[in-house]
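Here is a short report on one protein chain. Look at the sequence and the model first, then read on.

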Amino acid sequence: MPAWVIDKYGGNDVLRYTKNAMFPIIHYPNEVIIKVHAASLNPIDISMRSGYGASSFNMRRDPLNVKTTGSEFPLILGRDVSGVVMECGLDVSYFKPGEEVWAAIPPWKQGTLAEFIVASGNEVSHKPTTLSHTEAAALPYVALTAWSALVNTGGLNKDNCYGKRILILGASGGVGSFAIQLMKVWGAHVTVTCSHDAVALLKDLGADDVIDYKSQNVEEQLKNLELFDFVLDNVGGDTEKWALNFLKMWSGAKYVTLVTPFLLNTDRLGVADGMFQTGITIGSKALKNLCKGVHYRWGFFVPSGPSLDEVTELVSAGKIRPVIDQVFPFSEVPKAFQKVEGGHARGKTIINISGELK
């Protein structure tokens, strides 16, 4: 089948188009094969192209370590998919061939920059009928990443969000744009940080206060606002040194960062030592901040069809919309990677696959 693959880790030059990629096969009774109509790129695709997370992902692909080094190649990147179910495993009853679905495929599986992909049934959800495939491909990965951080890790939901003060650092990306909309639907007051060129977009998505981090120091601007109940950090780095100071102390306030050293540790130290070092790091930071009266947490992408079902309801009701920067044909995947790698996109970069493969 047609696909974009990499045969080694590196820069944009490792991307290779082939018409002879291996067709996906159902190995387990809970799997489905999806014909891909549209996919999209996320920053993790750029990182994975360069080898980020290879140690951890290879452990998931081959838990017993029986395969040779480099057995993950040729590797297909891409996490988001919107398409049509072609075949179902024997245990799949929730989907039928011909139904339109969307999903975010976990990074240890072959990705979506191909004509077909295989996914577990519990990773897939029915696509909102209000969206085209191109629009739908913009949401699954960022929606599930934000959902995991806000709901699974942060404990926020539609019943406890009303009136809460939420701060989203680095909100102009896909995760931030989804998080803004979700928090506003649930009645929260949302403050965001971004660069000047994203201010209008984030206000249009519903942000109550927008702080331009390039105009003046973010900390100084935040000092003029009330303290927050929740901080979602998409930036990482030095933000940890000051962001927690803007949480309400001893009130159950939480800081959740999506920038963690877990995969870097396993790449650098190996899986066992990397996980041990990661455990020490998160434990010490959580204890240190708990003593100050706030909760420190890490958030991770979690594939989940049931969570996407809830997102589908919100999208179908017109409460959440995708934010798309540019659509590329399947033949121009390398250009799409360059766009995302450059960091200038304001919204998702979409790959229209079915349009060229009909």
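Where is Leu258 found? Leu258 sits in the loop between strand S13 (254–257) and helix H9 (262–269). The model is predicted, and the values below are computed from it.

## Around Leu258

Leu258 and Phe300 are 42 residues apart in sequence. In space, their C-alpha atoms are 6.3 Å apart. Phe300 is one of the residues that Leu258 touches, leaving aside those up to four places away in sequence. The others are Thr145, Ala149, Val175, Leu232, Asp233, Asn234 and Gly299.

## Two domains

The domain assignment splits the protein into domain 1 (3–139 + 323–352) and domain 2 (154–298). Domain 1 is given as two segments. The contact draws 12 residues from domain 1 and 15 residues from domain 2. The C-alpha centres of the two domains lie 28 Å apart.

## The domain interface

The size of an interface is often given as the accessible area lost when the parts come together. Here domain 1 and domain 2 bury about 1,100 Å² between them. Carbon and sulfur atoms account for 63% of that area. Which three residues supply 49% of the area that domain 1 buries against domain 2? They are Tyr52, Val323 and Arg346, and no other three residues supply more.

How many salt bridges are counted between domain 1 and domain 2? The count is 0. Polar contacts do occur: 5 residue pairs across the interface, with both residues at pLDDT 80 or more. On the side of domain 1 that touches domain 2, helix H2 (residues 54–61) gives the largest share, 5 residues. By type, the residues on this side of domain 1 are 6 nonpolar, 4 polar and 2 charged.

## The loop after H2

Two backbone features belong to the loop between H2 and strand S4 (75–76). Asn65 is found in this loop. Asn65 is not a glycine, yet it has a positive phi of about 55 degrees.

Pro74 also has its place in the loop between H2 and S4. The peptide bond from Phe73 to Pro74 is cis, with omega near -5 degrees.

## Salt bridges

The structure as a whole holds 13 salt bridges. One of them joins the side chains of Glu115 and Lys35, at 3.2 Å from N to O. Why does this pair tie together parts that are 80 residues apart in sequence? Glu115 lies in the loop between strand S6 (100–104) and S7, while Lys35 lies in strand S3, so the link spans that separation.

## Aromatic pairs

The structure holds 10 aromatic pairs. Among them is the pair of Phe23 and Phe116. The ring centres are 4.9 Å apart and the planes meet at 50 degrees, which counts as tilted.

This pair links distant parts of the chain, 93 residues apart. Phe23 is in the loop between strand S2 (15–18) and strand S3 (31–41). Phe116 is in strand S7 (residues 116–120).

Notes
Residues are numbered from 1 along each chain as its sequence is written. This is a predicted model: local features need pLDDT of at least 70, side-chain atom pairs count only at pLDDT 80 or more; totals for chains, interfaces and linings use all residues. Side-chain values use heavy atoms; hydrogens and water are left out. Domain bounds come from an automatic or database domain assignment. Contact means heavy atoms within 4.5 Å. Buried area is the accessible area (1.4 Å probe) that two parts lose on being put together, summed over both. A salt bridge is a side-chain nitrogen of Lys or Arg within 4 Å of a carboxyl oxygen of Asp or Glu. A polar contact is a pair of N or O atoms within 3.5 Å; within protein, one must be able to donate a hydrogen and the other to accept it, and residues adjacent in sequence count only if both atoms are side-chain atoms. Helices (H or I, at least four residues) and strands (E, at least two) are DSSP runs, numbered from the N terminus. Ala, Val, Leu, Ile, Met, Phe, Trp, Tyr, Cys and Pro count as nonpolar, Asp, Glu, Lys and Arg as charged, and the others, Gly among them, as polar. Rings of Phe, Tyr and Trp (its six-membered ring) pair if their centres lie within 6.5 Å; planes under 30 degrees apart count as stacked, over 60 as edge-to-face and the rest as tilted.
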